[in-house]
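Me: I'd like to learn how to read salt bridges and chain contacts in a protein model. Could you take me through one?

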Amino acid sequence: MKQINLFSCLGLASLFLATTHAAEFDVRKAAAEVDKLVDAGLRKHDIKPNTAIDDDTFLRRAYLDIAGRIPTIEEAENFHGSTYKRKREQLITDLLESDGHVSHAYNFWADVLRINQSLGNGAAQAEAAYQLWLKDAIKNNKPYNDFVHDMVSARGKIWEEGAIGYYIRDRGMPLDNMSNTVRVFLGTRLECAQCHNHPFDKWTQMDYFKMAAFSYGMEANRYNSPNQTLLKDFQREQRNDIFKKAIAIKGFPQLSNEASLKRYVENKNYQKYLDRFEMTDKQFRQMAKKSIAAYKDYEHESRGMRTAMTELYNPLRYVQTNEREKTLKLPHDYQYSDAEPLGPVTAGTMFGDKIDLENIDGSTIDAYADWMTSRENPTFTKVIANRLWKRVFGHGVFEPVDELTDQTVVANPELLEFLESTMRELDYDMRKYQEILYNTETYQRAANTQELVLGVPYHFQGPILRRMTAEQIWDSIVALALPEADSYRPRLKTQLSSVEKVRQIYKSLEERPGDEYLAMVKKLGDALAKSLPKQEKIRDKMYKAREAEDEELYRKLRGELSDITRESRRLVSKIGYEHIGEKVDSADLLAAVGMSEMAMNMDDGGSAMSGNAGGVVLTKLPSVDIPKYQSPEPPEGLDRNEMKKWRSAESAAAKKFKSEQSTAMRYYKGLVSQMARASELESPARRGHFLREFGQSDREVIENAAYHASVPQALNLLNGQIVEALTNQFAVFGKRIKEADDPEEKTKMIFQAMLTREPTENEMEIARAEIAENGEEAYDGLVWALLNTQQFIFVE
Amino acid sequence: MNTAIKSDEWTRRRFVEGTAKTFLGVGALGLGGAKANAALGPNLGLPGRAGAAKHVIYLYMGGGMTHLDTFDTKPGHENQGQTKTIDTNVDDVKISEYLPMLAQQADKLAIINSLTSTAGAHQQGNYLMHTSYEERATIRHPGIGAWSLKFGGRMNPNLPGSVFIGGNSRINGGGGFFEPEFEPLTINDPNAGLKNSKLRGVNQETFDHRLSLAKKFDAEFHEKYNVKQVRAYTQMYDDAVRIMTSKDLQVFDLKNEEEMTRERYGDNPFGQGCLLARRLVENDVRAVEVSYGGWDMHNNVFISAPERCAILDQAMAALLDDLERRGKLEDTVVVLTTEFGRTPRINQNAGRDHYPKAFSSVIAGGGIKGGVKYGKTDEGAENVIENPVKIPDFNATVAYALGLPLDQVLYSPSRRPFTVAHKGKPVLDLFA
């Protein structure tokens, strides 16, 4: 077996793919062309474009749309302070390259690709690898056609190719996987044609099955390896030996129980059987009894080894995808005249170029992925050009973005054509493409205030007013509370080591020489078998203890039983996984996230770093200093006794201060311990989490995020703990408010941080009155009030 | 005549829209929304059910509840292992010794011993049981709670239509492809009440004052963006504030129950969840699911099963008892179910593995005939030999008890047709 370079494929390949083409591309010219086409469309329908937005609105909108959160006070200061003439252009470029953008785009793609926890069930390591792969692809701006090709043709193991998560997510559902592939990447809904010809579109059930045949061989379930085959052979021999000893008749069936005997006896060829063995029914039955007994012996003898197998391979259930030769058959109730039910299906494309399966270089799935991502594919480019357009403007040039039919109404066909050809010209450079769109005047116009009517095309007088996504709301708060929120990835190490652990397990099992492997399984099997009678004894005692209602004894025995289970698990690891715990080269770990070693701050979480564009990753939060007690000078003219009294009072005050501060610090730590950008938490968050209440997708079906208002949302903002993450004295924002000098400055800062603008004179007046009446508490009130405005959660 | 009908219809619609805005979302709840794209499907020719139940309490045993050690015991058979069988308060109905309290209420239970399915993996089985449909990667199907809300609408405008109680991070049979407001409200910890519903660190006066501040700061924005989605939030805030002080909120607070009552249900999340479920349906919440995991007993089934059963037994018995005494059992269907049974043959770890071929569930209340065992498995509880009930049939029975139209087709946004129990046929014999 070839030696695998750890994480090589999670890593860097895409770095080198940014084409010179894109680098030379004239973004301004393209943006101007987009504006021209949009304006022509508006004129044609006699619609006036919206007015241009000011810098404040642009700043907030750009941060939210590109980096997925509102700007911090410092970032706003930097922007406003810049004297660079094209500072909007610069900001767009910077934000598209930021870690914030990776996080934001991850949430988007994770919803499209339905990346949920453990990819459904039991595949946590595959999920980790898939996540890392996707974030890396975004960070390195992997061209879209490669991005899709990687997923659709993904084979290998999670530590070689994170993209196989694409198939692991849909394991056991190859037909649905095809429906989703076609919907997401080709913008066509085929799922209705799975059971019959599509009722509202032109696709036939045959089209469906011909398409499904391409990826039908992609298997992401349990695998077979040479070592496993070896073991199975060994077990068969073991079984044969036992039977041979018990029954001297050659070819006599190995019967496992009464039911299998029954199957023989009731078979219509039973008599022929008896004739062959020259037996009477009675003799056969007698012999069968021996056979069943032999099987029991075998089961008993092999039970340790069988348990060992289950335990050893448990962590490797969903770690690889392979392409196999597998023929897809039509359903049993296929009702059309062009083929028979249950007939075999030959793969064939639904539109565009044909694939000649007889003459392909390489595998079927590669040919399929080539066809799908080809520039000539009739819908592939159109769909992504429109999808990203919608991402920027809030509405597609055609809608829905994933349901192109002959009836689809395109709001502005010339625009769509230009977008499509631009995407091709850019060689599918998604970042450059978005850069064009963000640089248009169209994007930098006031948000649309009219309600869109379903089915009526929108002509883009400005972007659509949108409620922030759940992640944008959460991440905005996180960015105000935590330092360096964009580069803080608390789960990164755990994710990397979980992938690494299964790689080591795999290595331990499959890269051992066969004889060594067999000996290991036998050894483990023996060890596990030894514990079985022990467990039995304890169980019997427990049954008795229960009957006698001896709770104390029962509990004691229960403990003993868990000890044995724990010991078994330890044995599996000790005997089976010899490579576990091997030190991993940290450079390898880093390669997986595309960073040099210098850039990664794995352990101490120092607070010295600034900026987030330098590729620094924080896996721990920087520590925050607790302020020291400032002791005043002793008053003058105290006598010795008075001085002593004063000192002791001061020391008590200092002690009190210290204890208050450390209590506050503990509270703060608890508060932020579960905070990080949404993409760096369990994803999606659990039900009931702030993120889920605001509509974070459960990733069960494609693009399932929601934006509707609900009472739990309001309750969350009104009474939830979240506001404290802003006002807490140790939080980044809270600290700044506390440190600011005068009330005016504090108020301005609060408006700047929460709404990315200065307060109006009227608002300042209200704030002054508040401060006059409530003193320091007024600031918490202001933050709370702004958090509970709708302008906070809508993207203007 | 005509005018009267119209005005009725108008009132109903208005009511539906009014309730819709209140607890969980915007947009009409009930058939108001569904009717627009609903069409009649195949007619199963069922008689209408007068006096149908209004509520469902769905107790879900996650992991696969062993049938041999609960409701389908086989005394004397080698598959039975340690578990003994006891008499109940109904002649001929016998259940496991691990359920002594439910045994005293067997006259309320319709025990179905003949459930059968082919879904032998947890997620697939769980999904199928909750929705009657096979899990597909292209759609999510609604559960019984969402269906009952869709057809019946919400009853108490201040409370959610359906509630899920349990710590699960992923649930099946939520709102499915219905509008987002059909998702159940999640209560992770029944003792904690409704999250964020109490003032935090401020008094009412300060709260009101701050809220008025927010309104002042937001006035200009609202003037500029007078659109539905922004207005929805204004409405939602008004509702949230009203709910905070409404009497209905007390429903979520179990401290309002006497200590003795709380103890009767068992001092554990499932027990207290059942108590909360009772309080919710008493206050006109349509559907409550209480989830209780840990039934995946591959090892030591004769140790784990009695432990789980003790908690289930106490909670469910208290629930049925209370519902009856408070006169709510007639209009509340109580369902006890799971994804599959467990292998009758005891494995080498003294456990039982997954077994969808034959398993048991229970329905009580809602006009269901109690004291009944329906369907039968063979001597080893391995095969169904009498009156097999498929999962859609089981769900159709529950839906029928709730008076839901089994033949009404509703379309998903992708225009695929679905019915409440996937064309399952209700077991009419179970109805009194």
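Reply: Let's go through the confidence, then some charged pairs, then the contact between the chains. Keep in mind that this is a predicted model.

Me: Okay, confidence to begin with. What average pLDDT does chain A have?

Reply: pLDDT is the predictor's own confidence in each residue, on a scale from 0 to 100. Chain A averages 89, and 93% of its residues score at least 70.

Me: Which residues of chain A have a pLDDT under 50?

Reply: One such stretch is residues 1-20 of chain A, where the model still has 46 contacts beyond four places in sequence. Residues 593-614 of chain A are also below 50, and that stretch has 51 contacts beyond near neighbours in sequence.

Me: Now the charged pairs. What is the idea behind a salt bridge?

Reply: Side chains with opposite charge can pair up when their charged atoms come close. Here, the cut-off is a Lys or Arg side-chain nitrogen within 4 Å of a carboxyl oxygen of Asp or Glu. Over all chains, that rule gives 74 salt bridges.

Me: Can you show me one? Where do A:Arg387 and A:Glu703 lie?

Reply: Sure. The side chains of A:Arg387 and A:Glu703 form a salt bridge, at 2.8 Å from N to O. A:Arg387 belongs to helix α17 of chain A, while A:Glu703 is in the loop between α26 and α27 of chain A, so the pair ties together parts that are 316 residues apart in sequence.

Me: Is A:Arg387 buried or exposed?

Reply: Buried means under 20% relative accessible area. A:Arg387 has 3%, so A:Arg387 counts as buried. Its partner A:Glu703 has 33% and is partly exposed.

Me: How many residues apart are A:Arg424 and A:Glu420 in helix α18?

Reply: Four residues, about one turn of the helix; both sit in α18 (residues 413-425) of chain A. They form a salt bridge whose closest N and O atoms are 3.2 Å apart. A:Glu420 is buried at 9%, whereas A:Arg424 is partly exposed at 23%.

Me: And which residue of chain B pairs with A:Arg558?

Reply: That's B:Glu307, with 2.8 Å between the closest N and O atoms of the salt bridge. A:Arg558 lies in helix α23 of chain A and B:Glu307 in helix α10 of chain B, so this pair joins two chains. A:Arg558 is partly exposed at 27%, and B:Glu307 is partly exposed at 29%.

Me: Do salt bridges always come as pairs, or what else can we find here?

Reply: Here's a network: salt bridges link a set of chain B residues, including B:Glu257, B:Arg264, B:Arg278 and B:Asp321.

Me: Let's turn to the interface. How many residues does each chain bring to the contact?

Reply: Chain B gives 75 residues and chain A gives 78. About 6700 Å² is buried between them, and carbon and sulfur atoms give 55% of that area.

Me: How many salt bridges cross the interface of chain B and chain A?

Reply: The rule finds nine. Take A:Glu547 and B:Lys84, where the closest N and O atoms of the salt bridge are 3.3 Å apart. There are also 30 residue pairs in polar contact between the chains, counting pairs with both residues at pLDDT 80 or more.

Me: Which elements of chain B give two or more residues to the side that touches chain A?

Reply: They are β7, α6, α7 and α10 of chain B. The largest share, 14 residues, comes from α7(B). By class, that side of chain B has 33 nonpolar, 22 polar and 20 charged residues.

Technical notes:
Residues are numbered from 1 along each chain as its sequence is written. Chains are lettered from A and ligands numbered from 1 in the order in which they are written. Side-chain values use heavy atoms; hydrogens and water are left out. Buried means under 20% relative accessible area, exposed over 50%, partly exposed in between (1.4 Å probe, protein chains only). Contact means heavy atoms within 4.5 Å. Buried area is the accessible area (1.4 Å probe) that two parts lose on being put together, summed over both. A polar contact is a pair of N or O atoms within 3.5 Å; within protein, one must be able to donate a hydrogen and the other to accept it, and residues adjacent in sequence count only if both atoms are side-chain atoms. Ala, Val, Leu, Ile, Met, Phe, Trp, Tyr, Cys and Pro count as nonpolar, Asp, Glu, Lys and Arg as charged, and the others, Gly among them, as polar.
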